[in-house]
Amino acid sequence: MSNKILIAKDICKSFHDPITVQVLNNISFSIDKGEFISVIGKSGCGKSTLLYILSTMDTDYQGDLYIDGVIMRNKKEKELASVRNEKIGFVFQFHYLLNEFSVIKNVMLPGLKLNKYSEKEVEHRAYEKLKVLGIENEALKMPNQLSGGQKQRVAIARALINDPLIIMGDEPTGNLDKKNSEIVFNIFKELAEQFHQTLLIVTHDNEFAARTNRIIEMQDGQIIKM
Amino acid sequence: MKYKLIASISKSLLFARLKQTLVAAIGVTFSITMFITLLSFMSGLNDLLDGLILNRTAHVRLYNEIKASDLQPVDLSEKYKDHHNFVSSVKPRDGKEEIHNSSAIIHALQADERVTGVAPKIMAQVFYNVGNIDLTGVINGIDVDEETRLFFFKNYVVGGNYIDLKNTPNSIILGKGAADKMLSGIGDIIQVTTSKGDRVQLKVVGFFQSGIQEIDKVQSYASISTAQKILGRPNSYITDIQVKLKNVLDAPAVAKEFQKKFNVEAVDIQTANSQFETGSSIRTLISYAVGVTLLIVAGFGIYNILNMMIYEKMDSIAILKATGFSGRDVNNIFITIALSIGIFGGALGLLFGFGLCNVIEHIPFNTPSLPTVKTYPIQYNPKYYMIGAIFSVITTYLAGYFPSRKASKIDPVIIIRGK
């Protein structure tokens, strides 16, 4: 149990508008520490929906979700926010950097929110993360001065700032060209191998998935292979 | 630390839309400026109009009403005590207009803690003789120094020097209207006839203009001793005692007390001039209503701009929430934005309001009916600045409240999936 970072038990979800459609059907699985997992499946099979449930952002589901051994049911919005802040890092298809802030400030924001380290330390840690991702030279630029690949790397740095238990990615390479996808994948790989970072990446890129440790394949709201 | 983070995010969002922010702040500034100016101007005007009558009116006036005695001699007789007496055509006795024992009353009043000052007065009905025409008039015998100190007599003397009234024997300050009719200038000698038929000659040392024409046509002023001489009375003769109180609101109660204590009639300012208070309070009410309306309009401006900002920043809000900011944090960010617009705009508004009041105070305003007023009246009252400040914060808070709540309820999943 102690190694299980995330456990999903019988997770079901339906959309009720305009007619009831079951999107997720009895999804159960668990993630061990240090695993590099990809979730694949056709468009509309519910993989993104599952990811948002696992990330605690979507709370409208049946079944139980444990993160770090703690059940997420009946937690208040504020408590879920702090779970996301502390334990989960996100990388989305779109980078979602705040254009009003410099790159370094973007990376620092979740760290400042966590309020575990002083501002100086958070800044130092943010530099470290940027260095790992090879973009420390861009730290003081504004996000709109960066290329797409660089932006996505900043987003990864932001996901890493609080040393999360798990990084969740929703098609993180979906918007990138071949070369940048390769860079981003290598970063994930390196994080998994060198830093034993747990990663859960939703993708429709089978080539990408094939190079991860474990593949969860979904079809019509069910896991068909894992 | 946590608030510092929220403040810094708010600041960045604010400066990202500097133009919009400024427009919103200018809205608040404008409304607070107008609020302050309007109220200061309106209350200045109120003071002016009230002063026209109220400043010159005693808070409590003691006098003797001319009326027949309640006890007729027959009522005092032992013999007819048990009888019903009918006395027809009863007339008041002569000399009742005088306040008995006036100097003792004045001393007692001056010793009273609630009293600012006491000014004795004599009212004398006269005719001004112009050739063979007689104009009716009233000469007020006054204590020049006290009258000036308590009722600003000096301010209404438009020609000549008011103090000559005290220093020149047998002198008179004529009402402007009366003087015009009599074609008399300063230094002229005029003749008046008293109600008893005595003729007296008086030297004109000045003109008096109250701003109320009907009064200026009739009223004139002389010193107390001159008035006593005109009437042929001893120098204890006083018909009115005017009392100014420290707190004008005490007047009705004090008037009642004096009436009993000194056995005279006493009327308080509120009873004598109730219409002025009504006018003032309604004018004040209207200016408050206009001021608050302006602020509410500015509030809608802020509401709009915040709403727009929230639509624009939907992505940012979603990612903030995804990375661990709670709905409350997001709420606080937008409330902070609204409040900073309010505080910044409000503070500027207070400054501009003060400035505009200063400008208005220097605009010439000449009107023949108000001789003492040379510029528009403004009242500087810290109360209005306080109200303006508080209102600007409250309206911007309310204007920010609903958009902020909306922002805090944004579901990050919908935004992120929508891309």
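This dialogue considers a sheet in chain A, a helix in chain B and the contact between the two chains.

Visitor: What kind of model is this, and how are residues numbered?

Guide: It is a predicted model, in which local features need pLDDT of at least 70, side-chain atom pairs count only at pLDDT 80 or more, and totals for chains, interfaces and linings use all residues. Residues are numbered from 1 along each chain as its sequence is written, while chains are lettered from A and ligands numbered from 1 in the order in which they are written.

Visitor: In what order do the 6 strands of the open sheet in chain A lie?

Guide: Strands (E, at least two residues) and helices (H or I, at least four) are DSSP runs, numbered from the N terminus. Two strands pair if DSSP finds at least two bridges between them. In chain A the order is 6-7-8-3-9-10, with mixed pairing. Strand 6 (88-91) and strand 10 (222-225) of chain A are the edge strands, each pairing on one side only.

Visitor: Which residues of helix 5 of chain B are buried?

Guide: A residue is buried if 20 or more other C-beta atoms, placed from the backbone, lie within 10 Å of its own. In helix 5 (residues 144-151) of chain B, V144(B), E147(B), L150(B) and F151(B) are buried.

Visitor: Why do they line one face of the helix?

Guide: An α-helix has 3.6 residues a turn, so residues three or four places apart point the same way. Seen down the axis of helix 5 of chain B, the buried residues fall within an arc of 150° (taken from the directions from the axis to the C-beta atoms), so they line one face.

Visitor: How many residues of chain B are in contact with chain A?

Guide: Contact requires C-beta atoms, placed from the backbone, within 7 Å. By that criterion, 22 residues of chain B are in contact with 24 residues of chain A.

Conventions:
Two residues are in contact if their C-beta atoms, placed from the backbone, lie within 7 Å. A residue is buried if 20 or more other C-beta atoms lie within 10 Å of its own, exposed if 12 or fewer, and partly exposed in between; C-beta atoms are placed from the backbone.
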